[in-house]
Amino acid sequence: MPIAKRIGVLQLLTSRSFRLAAPLAVVVASGCTGVLGPEGEAAPAPEAECSATPALAKPRIWRLTNTQLANTLRDEFDLQPAALSNLPNEARLDGFANQAAELRVAPLLAEVYFALGEELGAHALKNPDKFGIACDVATLAPGSCLDGFVAKTGQKLWRRPLSATELTSFSALFAKTAAQGEGPAGGVKSVVQALLMSPSSLHRTELGTVKDTGAVTPLTDHEIASALSYLLWDSAPDAELTALADQGKLRDRTVILAQAQRLFEARDKAAPAMNHFFEQWLELENLSKSVKDASVFPMATPELAADLREELRLLTNSVLFDAGADRRFDSLFSGTYAFVNERTAPLYGLSGVTGDAMVRRELDPTERRGIFTSLPFLWGHSHSQDTGLVGRGAYVRAEVLCHRVPLPPGGVPNAGQFAEPGATGRQRLGIHASPGCAVCHKLFDGIGFALESYDAIGRYRTTDQGQEIDASGSLPLPSEENALPGIVFSNFVEMVDELAQKPDVYGCFAQQFAAYASGYDLPELDACEKERLVDEFARSQHTIDQLVLSVIASPSFIDRRN
């Protein structure tokens with residue numbers, strides 16, 4: 001769709017004419033009795049009162065993620081420092097790894113940043129042109145060449161022009177360190193390291209220009225440029241986006257949306273960024289490290305696990321970036337194809353595929369439906385020997401239906417000890433029918449039972465422990481206030497087909513992307529803003545790039561309230 005037409009569609013979508021019957025993200029603070037009444041009846045959910053004046057998020061600073069920092073150094077300086085491998089993993093329990101509130105700078109992380117600064121400084125001496133050093137480093141001294149070096153390197157790392165005061169400060173740092181024994185080379189390294197380790201480099205600012213309490217503070221054009229580029233590319237703004245920021249044009253909504261479309265169409269950068277979002281949403285970031293018991297699954301080699309990560313990448317790209325892609329969430333949720341090679345095809349029951357290259361093949365539609373019956377998802381949401389019935393169901397409930405069920409209280413016994421040897425997964429979890437367990441487990445065990453048709457490495461099966469699998473179940477829906485029984489199905493494919501007719505999955509996906517884009521956890525998102533995005537996503541027929549534009553059209557994308 002042409003840019004002008006997409007922007008026109010977006011402007012039409014912003015006129016909301018209906019409200020969801022109930023919020024799609026019902027978050028339980030403690031105990032499932034907050035979701036269901038004491039006898040199991042659905043408890044009514046309060047409806048948000050949305051005014052014409054949008055609620056604005058607060059100003060903040062937001063540390064770059066490990067991926068964003070690595071991409072920035074690669075794109076701006078053509079450097080992939082060895083110290084990147086020492087970056088500690090970003091912790092996450094609920095939500096995404098880029099949650100601003102969780103991105104702190106602990107001592108270990110600061111040490112890695114120091115090492116990165118040393119590598120970047122050494123890189124500057126070997127590649128002076130990439131750092132704006134237009135003279136011989138040996139002759140570098142306070143003056144125009146030093147100012148040019150500080151200004152260009154600072155612009156790349158801070159994503160905005162440095163002020164005259166800042167230029168003077170770094171010029172003084174150069175002179176001081178150069179005089180301490182290492183000469184101009186030492187001065188260059190010190191300036192580069194100081195620029196990198198500054199909060200202006202390691203953090204994105206979303207502060208605007210107004211400090212008054214309660215006032216709206218417009219974000220600067222350079223803050224908006226960073227918001228666009230780190231959302232869509234996981235990297236720093238390019239030359240075109242930076243030039244528009246320098247010209248003060250990025251507060252024009254038409255310009256912002258046109259730039260968002262341009263960045264999204266740049267597959268080489270947009271595809272990895274969106275792949276990263278999907279890996280996190282599906283909780284498959286560590287798929288290639290997922291280990292299966294070799295005595296049970298001898299075919300489950302590290303090479304096979306790596307194949308599945310590649311399959312996931314190709315699958316999401318086929319929906320979003322390949323020629324002819326419709327970019328609709330429906331294609332991801334309900335598709336009946338996969339990308340396979342000689343190692344993975346047999347797991348789908350396919351024959352005639354040879355070689356390492358991944359090729360697209362249609363799957364049996366009676367057995368497979370969408371990404372949640374794909375090998376990557378099923379493999380990643382299983383234990384080393386078993387399927388992880390409860391975990392699979394709880395994941396779908398929390399991350400696909402946006403209804404987080406709290407963890408059980410301490411001292412809950414292992415359900416397996418109540419089952420006979422050789423019991424099926426459903427039989428082992430028979431204890432969940434007891435009143436104390438059922439209040440929570442009836443919300444998601446049905447999903448896990450349906451997924452028992454797929455073993456721990458994703459193969460379709462009809463028996464478990466020599467007994468026929470009963471994949472039937474029911475699923476109460478948040479959009480129906482979790483009234484029992486909800487949708488009823490005989491297997492997971494039927495469940496997907498039923499869910500495809502309901503608003504829950506689509507509304508949840510819209511909210512999940514909004515949470516990822518904003519760096520907030522789902523419960524922190526403004527209820528009216530979530531409602532707007534859900535409405536617009538539905539009206540766009542679940543088009544994912546339209547969802548991206550809707551998020552960028554949020555009032556908080558360019559303004560904040562102190």
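Me: What makes the charged end of R360 count as sitting over the ring of Y337?
Reply: A charge sits over a ring if NZ of Lys or CZ of Arg is within 6 Å of the ring centre and within 35 degrees of the ring normal. The charged end of R360 is 3.5 Å from the centre of the Y337 ring. That value is within 6 Å, so the distance condition is met. R60 sits in this way over the ring of Y520, 4.4 Å from its centre.

Me: What kind of model is this, and which residues and atoms count?
Reply: The model is predicted: local features need pLDDT of at least 70, side-chain atom pairs count only at pLDDT 80 or more, and totals for chains, interfaces and linings use all residues. Residues are numbered from 1 along each chain as its sequence is written, and side-chain values use heavy atoms, without hydrogens and water.

Me: Why are β4 and β5 said to pair?
Reply: Two strands (E runs in DSSP, at least two residues; helices are H or I runs, at least four; both are numbered from the N terminus) pair if DSSP finds at least two bridges between them. Strand β4 (residues 337–340) and strand β5 (residues 359–362) have 4 bridges, in the antiparallel sense. That meets the cut-off, so they pair. Y337 has E362 as its bridge partner in β5.

Me: How do you know that both faces of β4 are covered?
Reply: Look at the side chains. In a regular strand they alternate between the two faces of the sheet. Y337 and F339 lie on one side of β4, A338 and V340 on the other, and all are buried. Buried means under 20% relative accessible area; exposed is over 50%, and partly exposed is in between (1.4 Å probe, protein chains only).

Me: Why is the link of C135 and C145 called a disulfide?
Reply: A disulfide is a pair of cysteine sulfur atoms within 2.5 Å. The sulfur atoms of C135 and C145 are 2.1 Å apart, so the pair qualifies. The torsion about its S-S bond is about -100 degrees, so the disulfide is left-handed. The structure holds 3 disulfides. Another joins C402 to C508; with 85 degrees about the S-S bond, this link is right-handed.

Me: Is C135 buried or partly exposed, and how do you know?
Reply: C135 has 26% relative accessibility, so it counts as partly exposed. C145 has a relative accessible area of 17%, which means that it is buried.

Me: What makes the pair of Y454 and Y460 edge-to-face?
Reply: Rings of Phe, Tyr and Trp (its six-membered ring) pair if their centres lie within 6.5 Å; planes under 30 degrees apart count as stacked, over 60 as edge-to-face and the rest as tilted. The centres of Y454 and Y460 are 5.7 Å apart, and 65 degrees separate the planes. Both cut-offs are met, so the pair is edge-to-face. Y454 is buried at 1% relative accessibility, whereas Y460 is partly exposed at 33%. A search of the whole structure finds 25 aromatic pairs.

Me: Why is the set with W281, F329 and F372 called a nonpolar core?
Reply: A nonpolar core is a set of buried Ala, Val, Leu, Ile, Met, Phe, Trp, Tyr and Cys residues joined through side-chain atoms within 4.5 Å. The largest has 105 residues; W281, F329, F372, F513 and I552 have the most contacts inside it. Helix α19 gives the most to this core, with 10 residues. Another core, of 36 residues, lies apart from it and includes L157 and F174.
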